[in-house]
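Colleague: Hey, could you walk me through this one? I'd like to start with the ligand.

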Amino acid sequence: MNTARTVWRISRAGSLDRLQLAEEALPPPGPGEVQLGVRAVGLNFADIFACLGLYSATPAGSFIPGLEAAGVVTAVGAPLPGHPAYECGERVLALTRFGGYATALNVDTRYLAPIPADWSFEAAAAYPVQALTAWYGLLRLGAARSGSVVLVQSAAGGVGLQALAILERLGAHAIAVVGSEAKVRFLRERTHLPDGCLVVRGGDGYAARLDAALAASGAKGFDLVFDAVLGDGFRPAFERLAPEGRYVLFGAADFMSKGARRGWLRLAWRWLRRPRLDPLAMISSNRGFMGFNLIWLWEAVERVPEAYAALAALDLPAPHVGNRYAFADARRALDDLQAGQTVGKSVLYVD
Ligand SMILES: NC(=O)c1ccc[n+]([C@@H]2O[C@H](COP(=O)([O-])OP(=O)(O)OC[C@H]3O[C@@H](n4cnc5c(N)ncnc54)[C@H](OP(=O)(O)O)[C@@H]3O)[C@@H](O)[C@H]2O)c1
């Protein structure tokens, strides 16, 4: 029997104004799937890029945004070999390749993981995308280890806080860069980072502030820069990579528009001014540059359990949910996220 559900659906990418609440029927889970009664949905900056049509993996035509959710298993499809088994009533978190903004959904069991007993549904929905992003960028690409000096951009945001938690586990030195003094105050209260390692991005003095933070860490350069902003902060950070240092770029928040639409003029201006690197200079300076988009993990489903296991081994604390919104308030939640002032993770809760 079909399940009635509420979703946020966009008729086609291009404007956040096209996002509408809709009632839909959800068929029973197929083979290798379970049905999830969703209790919380994790919001990602990428959801806005997807709705604007600026995300490479944006589906053509109508789609439901959303890359992650948490809830309770309410129905189980026929088991398939190689798929983990779940039972009705289990609390699980899920990666979704779009489709997460829904009160019920069917998920391939290979994208699921159990929720730690002491975590809320909201903390669980805040976890998979941003923790996996931080883990993959810092450890798999960035080779961060104990003692590494690591610049984390947007450190008070969803991915940023996960990155700080992972670096703390490793015994690495984080230098946390944020867009405002208010976020410095938040990090001062929330983390154990000394004041010398908290830096506000931008302005004429930015390079000098990075130098002061490096000096406070007893380092001459960054072993790793973990950045999803790009923009004017790119060059000063890249130039301060230590020999063997790696720059890992995984987003371009600086390209985000200010309104519901793409803002072509602003985009074109950002595009023309994007930084360019000389690969020959990177040989003699021993610096590396890498980029990634975690969407590849949805295609490589056989690697998802290994990624979840590597994360679980880090035993990270429950993510900080900074912003809670009712499911029906998704549009306001996205506006707040787009404005760039939120701290921690933004989550929709389903009553
Ligand atoms: N490649 C991947 O697989 C992948 C996966 C997940 C996330 N990401 C990227 O990682 C970044 C963080 O994602 P998140 O979901 O955790 O979001 P978030 O960090 O919680 O929020 C985005 C942050 O971007 C910063 N920002 C810089 N310029 C901005 C602008 N022009 N407009 C708005 N915000 C701006 C703001 O922080 P500050 O001003 O403090 O810097 C803002 O709070 C995003 O760029 C996202 O696209 C990439």
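Modeller: Sure. First a term: a residue is near a molecule if one of its heavy atoms lies within 4 Å of it. Also, keep in mind that this is a predicted model.

Colleague: Okay, which residues come nearest to the ligand?

Modeller: There are 23 residues around the ligand, and Ser-154, Gly-179, Arg-201, Phe-250 and Leu-294 come nearest.

Colleague: And what's the mix by class in that shell?

Modeller: The shell has ten nonpolar, eleven polar and two charged residues.

Colleague: Which helices supply at least two residues of the shell each?

Modeller: Helix H3 (128-141) does, and so does helix H4 (158-170).

Colleague: What lies close to the oxygen atoms of the ligand, say around Lys-183?

Modeller: An N or O atom in the Lys-183 side chain is 3.0 Å from a ligand oxygen. For Asn-293, a polar side-chain atom lies 3.4 Å from an oxygen atom of the ligand. With Phe-45 it's a polar backbone atom, 2.9 Å from a ligand oxygen.

Colleague: How much of the ligand's accessible area does the protein cover?

Modeller: The protein covers 92% of the 900 Å² that the ligand has on its own.

Colleague: New topic: how do H1 and H12 cross?

Modeller: The axes of H1 (residues 45-52) and H12 (residues 330-339) come within 9 Å and cross at roughly 105°. Angles of 65 to 115 degrees count as roughly perpendicular, so H1 is roughly perpendicular to H12.

Colleague: Which residues meet there?

Modeller: From H1, Phe-45, Asp-47, Ile-48 and Leu-52 meet Leu-334, Leu-337 and Gln-338 of H12. By class, that contact has five nonpolar residues, one polar and one charged.

Terms used
Residues are numbered from 1 along each chain as its sequence is written. This is a predicted model: local features need pLDDT of at least 70, side-chain atom pairs count only at pLDDT 80 or more; totals for chains, interfaces and linings use all residues. Side-chain values use heavy atoms; hydrogens and water are left out. Axes are lines fitted to C-alpha atoms, for helices over the stretch in contact, and angles run from 0 to 180 degrees between N-to-C directions. Helices (H or I, at least four residues) and strands (E, at least two) are DSSP runs, numbered from the N terminus. Angles under 35 degrees count as roughly parallel, over 145 as roughly antiparallel, 65 to 115 as roughly perpendicular and the rest as oblique. Contact means heavy atoms within 4.5 Å. Ala, Val, Leu, Ile, Met, Phe, Trp, Tyr, Cys and Pro count as nonpolar, Asp, Glu, Lys and Arg as charged, and the others, Gly among them, as polar. A polar contact is a pair of N or O atoms within 3.5 Å; within protein, one must be able to donate a hydrogen and the other to accept it, and residues adjacent in sequence count only if both atoms are side-chain atoms. Accessible areas come from the Shrake-Rupley method with a 1.4 Å probe; for residues, only the protein chains shown count as cover.
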